[in-house]
Amino acid sequence: MDVWTMCTIDATGRCKRATPTPGSLRWMTVGVAALGLLATIGSVVQCQTFIRRTANVCRTDDECPVQAYCERYNSVHEYGVCSCMAGYFAVTDSNNTRRCLRAATDIGDYCLHNDQCQYTLSTGNSECRDNSCQCVDGAHYVEREKRCYKTSYLGEYCRLTNNCIGNDTYCRDGICVCTPGKHPNADRNRCLHDAKLGDQCFRDEECVTDNSRCAQEICTCRVSHVLNEMRNRCLPIASKIYDLCEENIQCLYNIPHSQCRITTGTDGITAGRCTCASRFHEASFKCVSSVHLNGICEVNDNCIDRDTSCYHGRCRCIDHMIEVDGICSGTTALHQGSIQVFCGLALIFAGKEFYRIL
């Protein structure tokens with residue numbers, strides 16, 4: 001029986017496991033040639049024996065099945081064995097007879113038996129499904145190789161670059177990665193072009209800068225972030241005074257008249273927090289202008305001097321207090337009131353004495 005075997009192939013292109021029989025060497029050579037690319041990289045494929053001879057004894061081609069001919073190898077007895085023509089191989093029917101079926105040459109070819117697909121597309125990774133040669137679940141078709149390979153997604157283990165699904169992928173140190181300048185998509189089955197801030201884009205996942213998105217076909221910062229001064233990062237927008245920050249723009253975006261103050265703590269750690277700018281102070285986690293006594297104001301929060309409030313557009317002393325030397329004083333007001341009362345009483349007594357003399 002003339003056979004050739006798909007098996008483990010070493011870097012020299014030789015099968016590590018084979019079962020030679022009369023006339024098999026030629027067909028084994030064909031098998032190795034069909035797997036020449038794999039042989040050069042020491043790949044391993046599952047072993048599968050494809051039978052060329054049908055076991056029919058013959059004297060003429062007419063005595064052989066369709067797509068077979070009578071191969072004579074014993075001229076003394078003038079008989080031979082039916083062998084499938086080139087591109088065909090023998091399969092056993094349900095009635096235990098063999099016939100020759102054509103080996104598929106590409107994905108999607110018509111088939112009746114798995115071997116028709118596996119002959120060319122890969123043993124173990126291809127099958128005949130609904131009379132069409134297809135890759136099995138967990139395998140994919142590589143157009144440039146015309147073969148099916150076990151599928152490895154980006155970030156997963158691989159043995160060959162052909163295991164890595166998607167264009168612009170390759171196997172590096174046993175892991176599927178994207179080529180330089182590209183990154184995996186969310187499903188990790190395709191590589192996308194690295195689009196930085198300001199670069200053209202078509203979907204959010206193309207933008208590689210942290211907290212960026214694709215808006216109007218340009219990579220920009222997300223609505224919760226703002227572009228930094230160097231225009232190469234997206235920084236979180238502060239919502240209130242004392243939030244962490246790195247640059248003033250983070251504070252000013254939501255908090256007018258604020259700034260990012262960078263300080264170094266006693267532990268040696270440097271950090272920034274949003275604070276009010278010069279001539280402003282914090283009130284209710286906002287920054288309002290600082291107004292002294294008698295200055296123009298809009299709300300009470302503007303008045304920063306003690307015991308003052310905004311009254312008719314000016315910072316004045318609160319009720320029952322008066323301004324003394326630029327400050328509001330309750331004690332002086334009481335003292336002056338006492339003096340006024342004393343003077344009044346003195347005038348009254350003086351008047352009575354004046355009338356008594358008269």
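1. Start with residues 189-228. In this predicted model, the stretch is 0% helix and 35% strand, and its end C-alpha atoms sit 33 Å apart. Where do those limits come from? They match a UniProt record, an unreviewed entry, that places the feature "domain: EB" at residues 189-228 and also at 98-140, 141-187 and 276-328.

2. A good residue to click on in that stretch is Cys214, which belongs to strand β16 (residues 212-215). Is Cys214 buried or exposed? Its relative accessible area is 17%, under the 20% cut-off, so Cys214 counts as buried. Setting aside neighbours within four places in sequence, Cys214 touches Cys201, Phe202, Arg203, Asp204 and Cys207. Take Arg203 from that list: 11 residues separate Arg203 from Cys214 in sequence, while their C-alpha atoms are 5.6 Å apart in space.

3. Now for the aromatic rings. How many aromatic pairs are there? The count is 1. The partners are Phe89 and Tyr119, with ring centres 5.3 Å apart and planes at 5°, so this is a stacked pair. For the reasoning, planes under 30 degrees apart are called stacked. The two residues come from distant parts of the chain, 30 residues apart: Phe89 is in strand β6 (residues 88-92), and Tyr119 is in helix α3 (residues 114-121). Phe89 is buried at 2% relative accessibility, and Tyr119 is buried as well, at 15%.

4. Next, have a look at strand β23 (residues 280-283). Here is some background: in a regular strand, side chains alternate between the two faces of the sheet. Which side chains of β23 are buried? His281 and Ala283, which point to one face, are buried, whereas Phe280 and Glu282 point to the other face and are not.

5. Strand β23 has a partner, β24 (residues 286-289); the two run antiparallel and are joined by 4 bridges. Across from Glu282 you'll find Cys287 of β24. The two strands make a hairpin with 2 residues between them, and Ser284, in the turn, has a positive phi of about 55°.

6. There is also an open sheet of 3 strands to trace, in the order β20-β22-β21, with antiparallel pairing. Why does each edge strand have a side without a neighbour in the sheet? Because β20 (244-245) and β21 (258-264) each have a single partner strand, one side of each is left free of a neighbour there. The pairing of β20 with β22 (residues 270-276) is antiparallel and covers 2 bridges. To find this pairing on screen, pick Cys245, whose bridge partner in β22 is Gly272.

7. On to charged side chains: the whole structure has 8 salt bridges. One of them joins Lys182 to Asp168, with the closest N and O atoms 3.8 Å apart. This is a link between distant parts of the chain, 14 residues apart: Lys182 is in strand β14 (residues 182-184), and Asp168 is in the loop between β11 (147-150) and β12 (169-172). Lys182 is partly exposed at 27% relative accessibility, and Asp168 is partly exposed at 36%.

8. Another salt bridge brings together the side chains of Glu246 and Arg233, at 3.1 Å from N to O. Glu246 is in the loop between β20 and α4 (248-252), while Arg233 is in the loop between β18 (225-227) and β19 (234-236), so the bridge ties together parts 13 residues apart in sequence. Both ends are partly exposed: Glu246 has a relative accessible area of 44%, and Arg233 comes in at 38%.

9. Last, a network. Which residues do salt bridges with shared partners join together? Asp106, Glu143 and Lys146 form one such network. Within it, Lys146 bridges to Glu143, with the closest N and O atoms 2.5 Å apart. Lys146 is partly exposed, with a relative accessible area of 33%, and Glu143 is partly exposed too, at 48%.

Technical notes:
Residues numbered from 1 in each chain as written. Predicted model: local features only at pLDDT ≥ 70, side-chain atom pairs only at ≥ 80, totals over all residues. Heavy atoms only, no water. Phe/Tyr/Trp six-rings, centres within 6.5 Å; stacked < 30°, edge-to-face > 60°. Buried < 20%, exposed > 50% of the residue type's maximum accessible area, 1.4 Å probe, protein only. Pairing = 2+ DSSP bridges. UniProt positions renumbered as here; feature names shortened; annotations may be inferred. Contact = heavy atoms within 4.5 Å. Salt bridge = Lys/Arg side-chain N within 4 Å of Asp/Glu carboxyl O.
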